[in-house]
Amino acid sequence: MKPSVLLVAFLLSAIAGLHAAAMPSVGSDSTRADSRSLRTRGAVEGLLRRNPPRLTFNPSEITPETFPAWQAEMKSAMKRLMRHPKEQAAAPSLVKRVKRSGYTLEKWESYPLDSTVVPFLVLIPDGVDASRPVPAALCIPGFGQPKELLAGERLGNFSLDGPADTTAGVNAMALHYVRHGLVAVAVDNPSCGELSDDGRFDYLETSRFLLEAGWSYLGLSSWQDRVILDWMKTVPIVDKSRIIVSGFSLGTETLMALGLLDDSIFAFVYNDFLCRTRERALVMDRPDASGVRAFPNSIEHLIPGFLLEFDFPDIVAALAPRPVICTEGGMDRDFEIVARAFAAAGAPDNFTWHHYPAFADPAARVPLHAMPKGIDRATFFRLANVDPPSHYFKSALILPWLDRLLTGRPAEPRKMAENE
């Protein structure tokens, strides 16, 4: 028997074991005949269970004729949830320009809110000018990744003094793009890098104050990046009809928000696994040895009312017909639903997805239609086909996809290096 088949058999057996053990889920108290929850956590989980997302993409209900109306509702809901200001405080301004090998690096400042400064980096390939505008990529990093890392610069070198980082790693997203001939724009997430509290990445405190003010971390991050995205459309060297939003990990959340808010975005690079974050919150509640149940997301991920409207696969589905690549797998169940959305939008070839190498063989994936209840984080990742140590920017998948997308010609096959 093949190892992948053995793995699937083991996981199916483990799932059956969870049910056989009849361990009560936190969402219900099995000691009561009336099925009422005694645990407060179970009671409030029940609120979410009894209120499924209003705009879930249902392939049996949403047809090519009704797809535009559903998509319009998705966009309207995202606009309401993100609560963006009507306008930025001032136009971005250039701070510094330095030469690098094969490209020019510029530092700019944007001013999305009164009394705020949000720096960003722009990487421009040699030979590009206003007479020959080129596609551009807005590069949004993951948790704890400053813009300097994306640009291949030395961490903390906000003044761009001295040389670039000679040991730039695989997650130098913007550096990959500029070397591929695109203008690349690298940003910081709120409370990270140059936007941190004297080097302390205070995501939680920032999110707390935002929630207290009736906003959210994603609302702020998507507004900051939207201001920069709008600026990119005014830059003469950028082909504004070919702007790509590329998100890594945490950055995929901003990507999804921008995708529903801005119809002019040409394509999307979704570099993370795709899951139903609502389902993840409800099933991943197996207590540890001390009785503590996990919470899947910290508060920078939380937007009041978000999961009553839609979930991540619904948002990716609503990006159709614009091209999307997902590079780090998830459940085939969700990919099949998104694929049907792209078919309903008349662009079945515009959605591309890849699994982690560990789950590339279909025999290594468990064919689930719903996650079992009462599982821990490690089990969730296995059943969702996620390989956390292999979470990185998948340039070997993304750059050939971009070549096909931007030129219409098949790219030369590119072998994935061991560290890619």
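These legends accompany a set of close-up views of a predicted model.

**Figure 1. The whole chain at a glance, with its 14 helices and 9 strands.** Let's start with the overall picture before zooming in. The chain has 420 residues, and 52% of them count as buried. Looking at contacts between residues at least 6 apart in sequence, 70% join residues at least 24 apart.

**Figure 2. Arg-100 and its partners, seen from strand 1 (residues 90-100).** Is Arg-100 buried or exposed? Its relative accessibility is 10%, and because buried means under 20%, Arg-100 counts as buried. The side chain of Arg-100 makes a polar contact of 2.7 Å with the side chain of Glu-153. A polar atom of the Arg-100 side chain also lies 3.1 Å from the backbone oxygen of Gly-162. Leaving out residues up to four places away in sequence, Arg-100 touches Leu-105, Glu-153, Leu-160, Gly-162, Pro-163 and Ala-164.

**Figure 3. Glu-148 in helix 4 (residues 147-151).** Here is another charged side chain to look at. Glu-148 has a relative accessible area of 1%, so this residue is buried. What surrounds Glu-148? Setting aside neighbours within four places in sequence, Glu-148 is in contact with Leu-121, Glu-153, Arg-154, Leu-155, Asn-157, Phe-158 and Glu-194. Glu-153 may look familiar, as its side chain joins that of Arg-100 in a polar contact.

**Figure 4. The largest pocket, with a volume of about 580 Å³.** A total of 23 residues line the largest pocket, and those nearest its centre are Leu-48, Ala-281, Phe-295, Leu-302 and Leu-307. Helix 2 (40-49), helix 9 (277-283) and helix 10 (306-309) are the elements that each give two or more residues to this lining. Which element gives the largest share of the lining? That is helix 2, with 5 residues. Sorted by class, the lining of the largest pocket holds 15 nonpolar, 4 polar and 4 charged residues.

**Figure 5. The second largest pocket, with a volume of about 390 Å³.** The lining of this pocket is made of 22 residues, with Ser-249, Asp-272, Phe-273, Arg-280 and His-301 closest to the centre. At least two lining residues come from helix 8 (251-261), and at least two from helix 9. Helix 9 is also among the elements that line the largest pocket. In the second largest pocket, the lining divides into 11 nonpolar, 7 polar and 4 charged residues.

**Figure 6. Helix 14 (residues 395-407) and what covers it.** How far should the 13 residues of helix 14 span? At 1.5 Å a residue the expected span is 18 Å, and the end C-alpha atoms of helix 14 are 17 Å apart, which agrees. Buried residues of helix 14 are Ser-395, Ala-396, Leu-397, Ile-398, Leu-399, Pro-400, Trp-401 and Leu-402. Their cover includes helix 5 (173-179), strand 6 (238-248), strand 7 (267-271), strand 8 (324-326) and strand 9 (351-353). Just after the helix, Gly-408 takes a positive phi of about 75 degrees.

**Figure 7. Two residues with positive phi, Ser-115 and Asn-385.** Most residues other than glycine have a negative phi, which is why these two are worth a look. Ser-115 has a phi of about 65 degrees and is found in the loop between strand 2 (103-111) and strand 3. With 84% relative accessibility, Ser-115 counts as exposed. Asn-385 has a phi near 65 degrees and lies in the loop between helix 13 (377-383) and helix 14. Asn-385 is buried, with a relative accessible area of 2%.

**Figure 8. A cis peptide bond between Ala-320 and Pro-321.** Most peptide bonds are trans. In the bond that joins Ala-320 and Pro-321, omega is about 10 degrees. Pro-321 lies in the loop between helix 11 (312-318) and strand 8.

**Figure 9. Gly-127 in the loop between strand 3 (118-125) and strand 4 (134-140).** Gly-127 counts as exposed because its relative accessibility is 55%. Tyr-103 is 24 residues away along the chain, and the C-alpha atoms of Gly-127 and Tyr-103 are separated by 8.6 Å.

Terms used:
Residues numbered from 1 in each chain as written. Predicted model: local features only at pLDDT ≥ 70, side-chain atom pairs only at ≥ 80, totals over all residues. Heavy atoms only, no water. Helix = DSSP H or I, 4+ residues; strand = E, 2+ residues; numbered from the N terminus. Buried < 20%, exposed > 50% of the residue type's maximum accessible area, 1.4 Å probe, protein only. Polar contact = N/O pair within 3.5 Å; in protein donor to acceptor, adjacent residues only side chain to side chain. Contact = heavy atoms within 4.5 Å. 1 Å grid on protein atoms, 1.4 Å probe; cavity = no way out; pocket = protein on both sides within 12 Å on 5 of 7 lines; lining within 4 Å. Points joined across faces, edges and corners; volume = space filled by probe spheres on them. Nonpolar A, V, L, I, M, F, W, Y, C, P; charged D, E, K, R; others polar. Expected span 1.5 Å × (residues − 1).
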